[in-house]
Amino acid sequence: MMAIRTHVGREGLRTVGISEMRISQVKGEVLATYSLGSCVALSLYDPVIGAAGLIHCMLPQASIDPEKARRTPAMFVDAGVQTLLDRISAMGSSRRSLIAKVVGGANVFDDRGMFRIGERNYATLRKVLWKNEILIAAEDVGGTKARTMYVSVATGRVILRSGTDQVEL
Amino acid sequence: MPPLPAAAARTLRLLDQPHVEIAKIIRAMESDPTWTPQVLRLAGSSVWGSIASPENLTEALGQLGLRRFYQLVAVAAAQPVLREPVPGYGLAEGELWDHSLAVAIATREILLENGLRPCEEAFTAAFLHDVGKLILGSALEAEPLAEAETTGDRAELRAAGMDHAEAGALLLEHWNMPPWLVTAVRSHHDPLDCSFLIPDLIHLADAICLSVGVGAGRDGIRHRISPTVAVRWNLSRRSLERILSRTIDTFAEAGDLMIHGERR
């Protein structure tokens, strides 16, 4: 079992589901999001204010359903990531101190490209982060793996699992 | 091959007859009382199109009608086996059922996006499209993962001499399911030679759900879309994203039907 989880009981594990986001300053918590296929997950860690955020986005742009984006911004990379950044800023975080890590963006085999949602999610995420002057510190994206991501609120460490493989990002 | 529960098998045989007394159908179902709560839960679900929860099987039958009740019974009969873990595919308990539920919902959303009415037969076939994994799972446990650029059916063919679509069709034949259902499941990976469109719907819906990781298992999202099928349904990037968005919303609303849900 992963190193982060051995220090956290089940009561400390906070799941971030598809189209959800969460920010925590509770040191005993681990944020987790599961089975990322074409979806992208972004973790933000600010060691200055001791906050970690995690978002799991499914689609690249909110323009396909602006009303849904108002209700559930985290479904869309552009609306969701901006919202996450705004919320962590409101907690006192500065862009300079944020450590960003990205996981997901896998794609099924599609010669026509229409189903390559993972690529579009990742491209949109890079644009939003670039616009906010945030560099990606580490990432594991693309391919066909389904990935699971754990983020420690205490340390900002990120563990990535895929099948039986486990690495620190 | 896992057997169909006796009460389900008897009920489906009765429902398939041209003239049958309702009381006989109910008696057949009630011969296994452990099954009734599960059937009522499905029958009362908004995912199944119900607006009221039936109090008993007679009410459920009256609400749904014989044709839809037949399909609900077929799905309810398969649920106990679909909820089992399938280690050979890296699927924990409930993951295969949840994937099947999501694919069924996606077939409906594909039709709605094209301005068509939902098709109950496609909905039912989608629930059962991956039953073949239950048969091939143990053969795959010793099989290495497929090579990076190939789909999981290569490993299935090496291990068992058939893919899970064919295995599923054989299982449904063993359960005496109707021919259209057997064909739909058999053809869902390669729908082009099939003369009706349900396999197309399942093929697309399967790809949509796997792409977001629902039921991904050990092969991840290593799945190939037929470009011809995508063209046949006139999908654009935006329409595909709308379908995905509504599928996941409806899937989330069907939380009471999910078994695995978010992994803990």
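## A walk through chains A and B

Start by selecting residues 158-162 and 165-168 of chain A: these are strands S9 and S10, which run antiparallel and are joined by four bridges. Strands here are DSSP runs of E, at least two residues long, and helices are runs of H or I of at least four, both numbered from the N terminus; two strands pair if DSSP finds at least two bridges between them.

Before you go on, note that this is a predicted model, where local features need pLDDT of at least 70, side-chain atom pairs count only at pLDDT 80 or more, and totals for chains, interfaces and linings use all residues. Residues are numbered from 1 along each chain as its sequence is written, while chains are lettered from A and ligands numbered from 1 in the order in which they are written.

Now click on A:Arg161; which residue of S10(A) stands opposite? That's A:Gln166. Then slide to the turn: two residues sit between S9(A) and S10(A) in this hairpin, and A:Gly163 there has a positive phi of about 65 degrees.

Zoom out to the whole of chain A. Colour by secondary structure and you should find four helices and ten strands, in the order α-β-β-β-β-β-α-α-β-α-β-β-β-β from the N terminus. Along the principal axes, the C-alpha atoms fill a box of roughly 45 × 40 × 25 Å. Buried residues (20 or more other C-beta atoms within 10 Å of their own, with C-beta atoms placed from the backbone; 12 or fewer is exposed, in between is partly exposed) account for 51% of the 169 in chain A.

Next, hop to chain B and give 1-82 one colour and 83-264 another: those are domain 1 and domain 2, with bounds from an automatic or database domain assignment. Their centres, taken over C-alpha atoms, are 23 Å apart. Where they touch, domain 1 of chain B supplies 14 residues and domain 2 of chain B supplies 20; contact means C-beta atoms, placed from the backbone, within 7 Å.

Last stop: B:Met258, in the segment after helix H13 (237-253) of chain B. Is B:Met258 buried or partly exposed? B:Met258 counts as partly exposed because it has 16 C-beta neighbours inside 10 Å. Leaving out residues up to four places away in sequence, B:Met258 touches B:Asp98 and B:Leu101. For a longer line across the chain, draw a C-alpha to C-alpha distance from B:Met258 to B:Thr11: 25 Å in space, with their positions 247 residues apart in sequence.

Conventions
Contact = placed C-beta atoms within 7 Å.
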